[in-house]
Amino acid sequence: MSIGTTTLKIDGIEVTVPEGTTILNAAKANGINIPTLCYLEGLTPWGGCRICMVEIHGTPKLFPACATPVNTGMEVITQSEKLREYRKMVVQLLLSERTHVCSVCVANNACELQKLADELGVDHVMFERNWTSQEIDSTHKSLVIDRNRCILCTRCIRVCDEIEGVHILDLKNRGKDSQIIIDLDQKWGDSDYCTSCGKCAKVCPVGAIYVESEALSETKDKHIAEFILSRRNR
Amino acid sequence: MKPADIQKIAEHEVDFQRAYKHRINVCTSSGCVPFGALKVLKAFEEAVKEFGVEKECKVARTGCVGTCSVGPAVIIEPGDYLYQSVTPEKVREIVRDHIVLGLPMKENLYSNEAFFTKQQRIVLKNAGKIDPHRVEDYIAMGGYSALVKCITRMTPQGVIEEVKDSGLRGRGGAGFPTGQKWSLVARAHGSPKYIVANLDEGDPGVFANRTLAEADPHSIIEGMVIAAYAVGAEKGYIYIRAEYPLAIQTLKLALEQARVLTLLGDNILETGLKFNIELRFGAGAFVAGEETAILASVEGRRANPRPRPPYPANSGLWGKPTLIQNVETLANIPNIVHYGGEWFAKYGTPRCTGTKCFSLTGKINNPGLIEVPMGITLREVVFDIGGGIPDGRKFKAVLVGGPSGGCLPETLLDLPIDYEALTRVGAIMGSGGIVVIDDQSCMVDTAKFFTDFCVEESCGRCNPCRAGLARVKEIFDGITKGEGKMEDITTLEKSSGYIKEASLCGLGQTAPNPVVTTLRYFREEYVEHVVEKKCRAGRCFKNLNSEANKQ
């Protein structure tokens, strides 16, 4: 069975991609850049951060490019005044939600949120900053989780579940109280099942999960999931 | 059991009921039980024996008639005499006067004629008339005859066409055309196919689905089996909140009865049709009523919504085609099949046919459950059926659509209730909650209350709903404490727009509605709060005043 192709327009440019491709990948394949944050190549799209929102001509709704498959004849707009405003809003809300102080963060200069703020021109936060004092767990021999820096992108949960196949990480509570937990909300050091593979730290876009006394620029490997999958499928 | 046997049961039951001259229906739904309805039921059973009329007078439990503020409600047939606020002490008098002497006790009868005259009961036609614990009662009222008609005389495609002709739209709130949804699922590739009936009624002050399940559980089951026949589904789930113990008990019993009569099972009425229903209980999350979250929850996962597409019609439960319908939608189905789509389309407006159940609450004389034709005006609902505002207070606003609905002012009272009209003015049909607000309430405080609810109920998956609503709540906290600035109003507007457009699911997309509509229609109250630190209803700045008093 051959897979068909789909032709659509992105920012006015006609592109042809394999059927079922996401808008994000279709754009990427044609050199069009859509900012992403919770999305990571190789993991199931989460569609939570909303930074990759795009407009689709003919519908008033906005769609996450990472999770929306292309359709024939679709006209996608990836850059507009509204999208720019809303993307700035995403970054501002993330910065205001928990304690984000770049100067004292392990991820300073290696942080995807910081980079996005810079690219989008977020020079101030219109909301009151929320200084959280959530638990920092450093009981593991090398991995540390600082929940005050977490942006709940769930990349760590997905990489632990889908790539490492262990699923020791998950969420507890809901809404603004959501927290990443280890096993059944235990201390990381007490986890019997954590394989200490460190993939969670490699994919964390901010400084929430890191390897103790290692610069995050060294720990980080955004392509780990994609790389492992490509080796597996060989 | 063969299809023809249903007719036999109906005839037998009708004969059985005819043997009684009177029927006393005691409402034993969740609204009346706390007022002592079960004691009243027992008192009636004893009283008819005491007067020796048990042979001519049947005492039965029944579901809600809708007049929840004057429970326990008792209906005596023939004549539909509705007694209000019946106590066990009054029961003897009622039996003596009404049954034995034939003199209805006028002073104890419900007197608000208008409450019923403007209603149109299709979904709730059996509520208050049948014993929800007896399948024979339902069958005697014509129940399951629509199913028999489907499986003996109609093709699945024919059923779908009938539903399309009816113009029925999803009663869960979004108003998607039901017939179209059924065709999508029927055409979808994949097997088995599933049906999920949504009874996760999480809105505060809304009780329409609960009442339906407690009063007429078989109408939901029949609707599901017909849907299963039409779309080719093998398995159904009723997803119900665990906070509805009486509805769960009633549904469990009804499912068991349906299985015994082979109305459910591997060989329905010996026609080879296979369909089973299981109950699934919600753990109290509002968001679990969202259609993709409900799927996750039925599968046993955390009730997080997910992005669509893929739509559940193509990829629902365990990746299989799944039909998700609100139970009110499903309960309409037997009527549509029985009387025809054209009959149904006569009710309501051309674009929004049929009726809708509303839970009428707040500052209103006749709170309760109502079913009205689409297109009725808010004024008729609030002032005619609802009887207006109590204690001589003044009407201020009406919140339509539950916690994520819109607060509409007096100038919009003549708005006809339909999906499009409500959306245009910033409200939604939603779960059918109507809360009437009088001049003792502050609109800023009201918007804050519903924002607080949505902040608590946000699942946390997407940023606008999780972080955005939390910031909106903080701004409200500031304004109602006397720390508001004029920029706050702009920030509220900006962030509401962002949350509405950028959120992943319906919860986030509608959560700012109370904020947006109060800003649109009651802006002066916001300005008063911010500039003059004044709350005309005296609801806000409480802590501020008490501190000032201390000093």
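**Figure 1. Domain 3 and domain 4 of chain B, with 22 Å between their centres.** In this view of the predicted model, the centres of domain 3 and domain 4 of chain B, taken over C-alpha atoms, are separated by 22 Å. To the contact between them, domain 3 of chain B brings 13 residues and domain 4 of chain B brings 16 residues. To find your way along the chain, note that chain B is divided into domain 1 (19-112), domain 2 (142-345), domain 3 (355-438) and domain 4 (443-548).

**Figure 2. The side of domain 3 of chain B that touches domain 4 of chain B.** Which elements give two or more residues to this side? They are strand 12 (395-400) and strand 13 of chain B. Strand 13 of chain B gives the most, with four residues. If you sort the residues on this side of domain 3 of chain B by class, you will find nine nonpolar and four polar residues, and no charged ones.

**Figure 3. An open sheet of five strands in chain B.** Reading across the sheet, the strands of chain B come in the order 11-10-14-12-13, and their pairing is mixed. The edges are formed by strand 11 (368-373) and strand 13 (406-409) of chain B, each of which pairs on one side only. On average, neighbouring strands of this sheet are turned by 30° against each other, direction ignored. Strand 13 of chain B may look familiar: this edge strand is also the one that gives four residues to the side of domain 3 that touches domain 4 of chain B.

**Figure 4. Strand 10 and strand 14 of chain B, joined by four bridges.** Here we zoom in on two neighbours in the sheet order. Do strand 10 (residues 355-362) and strand 14 (residues 433-438) of chain B run parallel or antiparallel? They run parallel. For a landmark, look for Thr361(B), which stands opposite Val435(B) in strand 14 of chain B.

**Figure 5. Chain A, with seven helices and 10 strands.** The radius of gyration of chain A is 19 Å, close to the 17 Å that the globule rule gives for 234 residues, so chain A is as compact as a globular protein of that length. Along its principal axes, the C-alpha trace of chain A spans about 55 × 50 × 30 Å. How much of chain A counts as buried? The share is 45% of its 234 residues. Among the contacts in chain A with a separation of 6 or more, 61% come from residues 24 or more positions apart.

Notes: Residues are numbered from 1 along each chain as its sequence is written. Chains are lettered from A and ligands numbered from 1 in the order in which they are written. This is a predicted model: local features need pLDDT of at least 70, side-chain atom pairs count only at pLDDT 80 or more; totals for chains, interfaces and linings use all residues. The radius of gyration is taken over C-alpha atoms; the globule rule is 2.2 Å times the number of residues to the power 0.38. A residue is buried if 20 or more other C-beta atoms lie within 10 Å of its own, exposed if 12 or fewer, and partly exposed in between; C-beta atoms are placed from the backbone. Two residues are in contact if their C-beta atoms, placed from the backbone, lie within 7 Å. Two strands pair if DSSP finds at least two bridges between them. Axes are lines fitted to C-alpha atoms, for helices over the stretch in contact, and angles run from 0 to 180 degrees between N-to-C directions. Domain bounds come from an automatic or database domain assignment. Ala, Val, Leu, Ile, Met, Phe, Trp, Tyr, Cys and Pro count as nonpolar, Asp, Glu, Lys and Arg as charged, and the others, Gly among them, as polar.
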